[in-house]
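Visitor: I'm new to this one. Can you walk me through it?
Guide: Sure, here it is.
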Amino acid sequence: MRLGPRPVTLVLLLLCAAVTGAGKAEELHYPQGEHRADYDREALLGVQEDVDEYVKLGHEEQQKRLQSIIKKIDSDSDGFLTESELSQWIQMSFKHYAMQEAKQQFVEYDKNNDGTVTWDEYNIQMYDRVIDFDEITALDDAEEESFRQLHLKDKKRFERANQDSGPGLSLEEFIAFEHPEEVDYMTEFVIQEALEEHDKNGDGYVSLEEFLGDYRRDPTANEDPEWILVEKDRFVNDYDKDNDGRLDPQELLSWVVPNNQGIAQEEALHLIDEMDLNGDKKLSKEEILENQDLFLTSEATDYGRQLHDDYFYHDEL
């Protein structure tokens with residue numbers, strides 16, 4: 001089967017965005033190393049309708065909802081927000097919105113509204129047509145072959161998420177397909193998929209060379225390029241916990257699954273560093289209200305989004 005250029009181009013663009021997006025976002029967030037607080041709000045409220053919704057909230061209502069959120073973050077009710085409490089709240093926020101996004105996608109993918117998403121429906125939503133690749137025969141065109149491989153990986157993940165072997169995915173199974181990192185029964189699949197991609201010698205581990213992929217050092221260069229030095233540092237200091245020079249399956253998991261815990265902890269420390277007026281390494285309600293704009297441009301409130309989501313400020317949470 002020949003694949004038209006539009007889907008291939010789309011996938012390659014998405015892949016490029018995934019590789020470069022984090023670095024670009026870092027540049028925008030910290031120009032010249034200085035934290036730009038309004039970037040956080042723009043990242044979420046850049047769409048005009050979201051900005052309009054934010055403006056509609058009066059000061060009194062903002063204060064009411066914000067204080068309700070502060071109360072919920074304070075899990076031990078001692079009147080202070082610690083690094084641990086902030087980090088746990090931010091991680092919960094990440095998961096909540098990932099689930100909400102998956103639920104919205106589920107409705108869009110379920111074309112016949114029967115409560116399940118079939119593989120054909122997934123293809124129609126993603127590519128406007130059903131795609132069926134030969135699982136054995138490689139394609140001559142490099143771009144088309146790359147897309148074939150990605151499509152077959154998606155199909156394997158789809159089939160693994162389908163626990164009951166029914167004709168399609170239920171909402172819970174669709175969430176497992178879209179966010180396998182959030183579902184326990186998908187963990188082994190995530191690890192195996194990563195090993196198949198990176199463990200070239202089949203020993204069940206990923207070495208530094210396998211981690212770096214196709215990189216080959218220029219023999220005329222005096223040292224490795226900067227990005228290789230960064231990747232080597234990540235391998236040694238972030239992932240290879242037992243310092244044996246290779247990643248075992250659990251260490252591999254920490255590489256291939258987004259580390260929301262680390263991101264949340266970093267944001268929690270940033271907030272305390274910026275807002276802790278008396279140096280006690282925790283935040284009081286007064287300190288937060290004194291720095292309300294900073295708190296509302298942070299991941300602790302998902303850049304102000306939580307003030308519009310009653311999941312976060314209603315008493316039932």
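Visitor: Which residues does UniProt list for "domain: EF-hand"?
Guide: The unreviewed UniProt entry lists residues 61-96, 97-132, 186-221 and 233-262. Positions follow the numbering used here, feature names are shortened, and annotations may be inferred rather than shown by experiment.
Visitor: And what am I looking at, source-wise?
Guide: This is a predicted model, where local features need pLDDT of at least 70 and side-chain atom pairs 80 or more, while totals for chains, interfaces and linings use all residues. Residues are numbered from 1 along each chain as its sequence is written, and side-chain values use heavy atoms, without hydrogens and water.
Visitor: How many aromatic pairs are there?
Guide: The whole structure has 15. Rings of Phe, Tyr and Trp (its six-membered ring) pair if their centres lie within 6.5 Å; planes under 30 degrees apart are stacked, over 60 edge-to-face, the rest tilted. Phe106 and Phe174 pair edge-to-face, 5.6 Å centre to centre, with 65° between the planes.
Visitor: What does that pair tie together?
Guide: Phe106 is in helix H5 (residues 83-109) and Phe174 in helix H8 (residues 171-178), so the pair joins parts 68 residues apart in sequence. Helices are DSSP runs (H or I, at least four residues), numbered from the N terminus.
Visitor: Are Phe106 and Phe174 buried or exposed?
Guide: Both are buried, meaning under 20% relative accessible area (exposed is over 50%, partly exposed in between; 1.4 Å probe, protein chains only).
Visitor: New topic. Which residue lies over the face of Tyr205?
Guide: Arg246, at 3.5 Å from the ring centre. The cut-offs: NZ of Lys or CZ of Arg within 6 Å of the ring centre and within 35 degrees of the ring normal. Lys282 lies over the face of Phe80, at 4.5 Å.

Terms used: Helices (H or I, at least four residues) and strands (E, at least two) are DSSP runs, numbered from the N terminus.
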